[in-house]
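Here are my notes for you to read with the model open beside you. Take the points in order and find each residue as you go.

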Amino acid sequence: MLRTGFQDLRSIFITVCKIIFFDRDEEILKQSKLNILCASALISAGLFLSGCTKPADSAATPGAASAPGGAASVAQAAESARNYVVVGVDAQSVPMVFWDTKTNVLTGYDIDLAKEAFKRAGLKYEFQAILWEEKEQHLLEEKQIDAIWSSLTITDARKKIFAFSSPYMKNKQAILVRADSTIQNKKDLKGKIVAVQKGSTGSDLVKKIKIDAPAKVEEFEQKVEPFSAVLSGKADAAVTDSVTLEYYATQSPGKFRVLNENLQEEECGVAVRPADTELLAKINKALAEMQADGTAQAIHQRRFGESK
């Protein structure tokens with residue numbers, strides 16, 4: 001519990017700082033550093049302690065991640081004893097998954113879809129914030145979670161270790177730069193510093209660029225951090241999901257620009273362990289029903305203001 005508690009405190013502290021970074025000048029942020037630290041620590045402690053309850057029937061429990069680690073036999077015993085689905089999410093992935101600052105619960109497009117799907121499937125569930133770079137470990141080795149529902153890109157490499165649901169969203173790995181940047185396309189990334197999130201598809205794609213390769217790929221734990229790196233001038237560009245990039249560009253008018261050229265078009269799905277065929281079938285059935293009756297489109301419209 002201690003290890004994950006500190007991870008959650010650190011993650012939420014970083015998120016608070018980055019959000020403020022977008023809303024205020026860097027100088028004001030520096031002057032307010034002590035106040036932010038104290039406030040973030042108190043908020044984080046409250047969130048962490050409030051996340052120790054078990055889920056109700058078909059209702060999300062807003063809690064921080066449970067402690068990973070321990071012997072494999074302990075993890076397997078805990079997993080087999082559960083009568084609810086633990087859903088791993090990247091809790092700093094606005095607008096897909098993020099903490100609602102007014103209610104201190106997880107919200108977002110992925111959360112809305114998951115809630116509706118599990119309700120239809122008649123499954124109890126709990127959302128658990130995870131370190132994105134350790135998602136494979138959490139699901140496959142420790143079995144601390146039973147599914148990953150957090151705009152996870154379906155790739156050939158991931159298909160070898162995960163069982164994926166039917167795709168529920170189309171996406172792109174896009175490139176974001178400062179508004180005054182001279183970068184116009186992916187070839188212009190040559191010799192530049194590109195910021196990405198650890199364990200992300202964007203990170204993998206940027207590292208594979210051979211011709212016109214960036215001078216350096218700077219990796220960060222939280223999805224919000226690459227944007228701060230670009231804004232502050234520590235990085236020349238950021239690469240991640242187009243939905244996230246466009247959100248930050250919209251929230252910071254005149255500061256960012258998303259390039260027309262992207263690195264890859266992709267689809268997102270829900271990942272489970274290959275052996276969990278019954279759970280996967282229930283998720284797929286619910287997603288198909290939601291697509292057929294218009295619920296999926298309504299959720300998309302509510303979150304993004306446009307049809308799927």
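1. Some ground rules on pairing: two strands pair if DSSP finds at least two bridges between them. Helices (H or I, at least four residues) and strands (E, at least two) are DSSP runs, numbered from the N terminus. In general, strands of a sheet pair through backbone hydrogen bonds, either parallel or antiparallel.

2. A word on where this comes from: it is a predicted model, in which local features need pLDDT of at least 70 and side-chain atom pairs count only at pLDDT 80 or more, while totals for chains, interfaces and linings use all residues. Residues are numbered from 1 along each chain as its sequence is written, and side-chain values use heavy atoms, with hydrogens and water left out.

3. Start with the little open sheet: 3 strands in the order β3-β4-β5, paired antiparallel. β3 (92-93) and β5 sit at the edges, each pairing on one side only. Between β3 and β4 there are 2 bridges, and Gln92 faces Phe98 in β4.

4. Now look at Leu106, which belongs to strand β5 (residues 106-107). Is Leu106 buried or exposed? Leu106 counts as buried because its relative accessibility is 6%, and buried means under 20% relative accessible area (exposed is over 50%, partly exposed in between; 1.4 Å probe, protein chains only). Its C-alpha is 7.2 Å from that of Ala91, although the two are 15 residues apart along the chain.

5. Next, helix α5 (residues 109-121): its 13 residues reach 19 Å from first C-alpha to last, close to the expected 18 Å. That expected span is 1.5 Å times one less than the number of residues. Among the buried residues of α5 are Tyr109, Leu113, Ala117 and Phe118. After the helix comes Gly122, with a positive phi near 70°.

6. What about the nonpolar cores? Such a core is a set of buried Ala, Val, Leu, Ile, Met, Phe, Trp, Tyr and Cys residues joined through side-chain atoms within 4.5 Å. The largest has 35 residues, and Leu106, Phe118, Phe127, Trp149, Tyr168 and Ile283 touch the most other members. Elements giving two or more residues to this core include β4 (97-99), α5 and α11 (277-292). Another core, of 15 residues, lies apart from it, and Ala195 is one of its members.

7. Finally, follow Ala195 to its partner: it stands opposite Glu218 in β11. Strands β10 (residues 193-197) and β11 (residues 216-220) run parallel, joined by 5 bridges.
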